[in-house]
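Got the viewer open? Here is a walk through the model, one selection at a time.

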Amino acid sequence: MTWWHAVIIFVAGVWAGTINAVVGSGTLVTFPVLVALGYPPITATTSNAVGLAPGTISGAYGYRAELEGYWPQVLRFSVASFFGAIGGTILLLTLPKDAFETIVPVLVGLAVVLVIVQPRVSKWVQKRRDANGTEHKPGPLLLGLLFLIGIYGGYFTAAQGVMMMAVMGMLLSEPLQRLNGVKNVLAAVVNVIAGLIYAVVAPVSWPVIGLLAVGSTIGGQIGAKIGRKLSPTVLRAVIVVIGVAAVVELVLK
């Protein structure tokens, strides 16, 4: 690894950690960066999962005030994410390599679409809640959907946070800032579990992991501090541009 590769990966880690805490989809920054630097898609995915895990923990810690008194529910949700993450890692490790390289461009494209439509989904959810005035409580449907998102996150982490926010926003009557805190915790659970498994049994790059871990931890704190103040529009635009570039790169490669 050259020194300028190291700098690029570190900066990408900071940026991804910040985006994950504020919006989600930080993998759409780091994954295409690693692929562009020559890392195989599977190694890029597994190294991402391990390296960004500290950043998701950092972001979750930054939202601890929003989660005060809500931890019993968070723990219930975490169980679904925990088992989903295990299922996703099993898929990644057992499916043929060609299958992963075929599926990844589709998943990245789906993630980009979710990032684009997320503001409209959030507005629709808010109007729906204001119109009916009813309180939505966690149930089997929500836990099942979080389990499926955990599978997706364990297999390929990009935009799992956007998926979580959309699902919880429709099925829970909680402030969006609290939901964002819950999202950070659940993403941390998925990334940590998947990262631990990949670190033991999958091909990873430890120099990449170290750079991403330090960078994303710093970014997680930055993102948590600015999450309630900064409009995510600019960040979302950057994610979309990078995500589209990643799809093009993966399809043409």
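**Start at the cavity lining**

Select α1 (3–22), α3 (41–62), α7 (160–171) and α8: each of these helices supplies at least two residues of the lining of the largest cavity. Keep in mind as you look that this is a predicted model. The largest cavity has a volume of about 160 Å³. Now show N20, S25, T56, Q160 and A187 as sticks; among the 20 residues that line the largest cavity, these five are the closest to its centre. What classes of residue make up the lining of the largest cavity? Colour the lining by class and you get 14 polar residues, five nonpolar and one charged. If you want to hunt for others, the count comes to three cavities of 30 Å³ or more.

**Zoom out to the whole chain**

Switch to a cartoon view of the whole chain. You should find 10 helices and zero strands, so coloring by secondary structure won't add much here by way of definition. Read along the sequence, the pattern is α-α-α-α-α-α-α-α-α-α. Colour by burial next: of the 253 residues of the chain, 53% count as buried. For the outside, turn on the surface, where the chain exposes about 11000 Å², with carbon and sulfur atoms supplying 72% of it. If you draw the contacts with a sequence separation of 6 or more, residues 24 or more positions apart account for 85% of them.

**Along α3 to I57**

Go back to helix α3 and pick I57. Is I57 buried, partly exposed or exposed? With a relative accessible area of 46%, I57 is partly exposed, because buried means under 20% and exposed means over 50%. Leaving aside neighbours within four places in sequence, I57 is in contact with A188 and V192. Try a distance from I57 to N191 as well: the two are 134 residues apart in sequence, yet 9.1 Å apart in space, C-alpha to C-alpha.

**F77 in α4**

Next, select F77, which lies in helix α4 (residues 71–94). F77 has a relative accessible area of 0%, so this residue is buried. Which residues are in contact with F77, leaving aside neighbours within four places in sequence? Show Y70, P138, L142, L143, L146, L172, V182 and L186 around F77 and you have the set. For another distance, take F77 to V185: 108 residues apart in sequence, and 9.5 Å apart from C-alpha to C-alpha.

**Helix α6, inside and out**

Two of those contacts of F77, L142 and L146, are also among the buried residues of α6. Select the rest of that buried group too: I149, G150, Y152, G153, G154 and Y155. Then click on L141, also found in helix α6. L141 has a relative accessible area of 54%, so L141 is exposed. From L141 to V167 the C-alpha distance is 9.8 Å, for residues 26 apart in sequence.

While you are here, check the length of the helix. Helix α6 (residues 140–155) has 16 residues, so at 1.5 Å a residue the helix should span 22 Å; the end C-alpha atoms are 23 Å apart, which agrees.

**S205, on the way into α9**

Jump to S205, in the loop between α8 (176–201) and α9 (206–226). Is S205 buried or exposed? Its relative accessibility is 12%, so S205 counts as buried. Show Y39, T43 and S47 next: leaving aside neighbours within four places in sequence, these are the residues in contact with S205.

**Last stop: α9**

Step from the loop into α9 and repeat the length check. This helix has 21 residues and reaches 30 Å from its first C-alpha to its last, close to the 30 Å expected at 1.5 Å a residue. Which residues of α9 are buried? Select V208, I209, L212, A213, G215, S216, G219, G220, G223 and A224 to see them. To see what covers these buried residues, bring up α1, α2 (27–36) and α3, which are included in the cover. That takes you back to α1 and α3, which you selected at the start for their share of the lining of the largest cavity.

Terms used: Residues are numbered from 1 along each chain as its sequence is written. This is a predicted model: local features need pLDDT of at least 70, side-chain atom pairs count only at pLDDT 80 or more; totals for chains, interfaces and linings use all residues. Side-chain values use heavy atoms; hydrogens and water are left out. Helices (H or I, at least four residues) and strands (E, at least two) are DSSP runs, numbered from the N terminus. Buried means under 20% relative accessible area, exposed over 50%, partly exposed in between (1.4 Å probe, protein chains only). Contact means heavy atoms within 4.5 Å. On a 1 Å grid over the protein atoms alone, a cavity is a set of points where a 1.4 Å probe fits but cannot get out, and a pocket is an open set with protein on both sides within 12 Å along at least five of seven lines; lining residues have an atom within 4 Å of a point. Grid points are joined across faces, edges and corners, and a volume is the space filled by probe spheres set on the points. Ala, Val, Leu, Ile, Met, Phe, Trp, Tyr, Cys and Pro count as nonpolar, Asp, Glu, Lys and Arg as charged, and the others, Gly among them, as polar. The expected span of a helix is 1.5 Å times one less than its number of residues. Accessible areas come from the Shrake-Rupley method with a 1.4 Å probe; for residues, only the protein chains shown count as cover.
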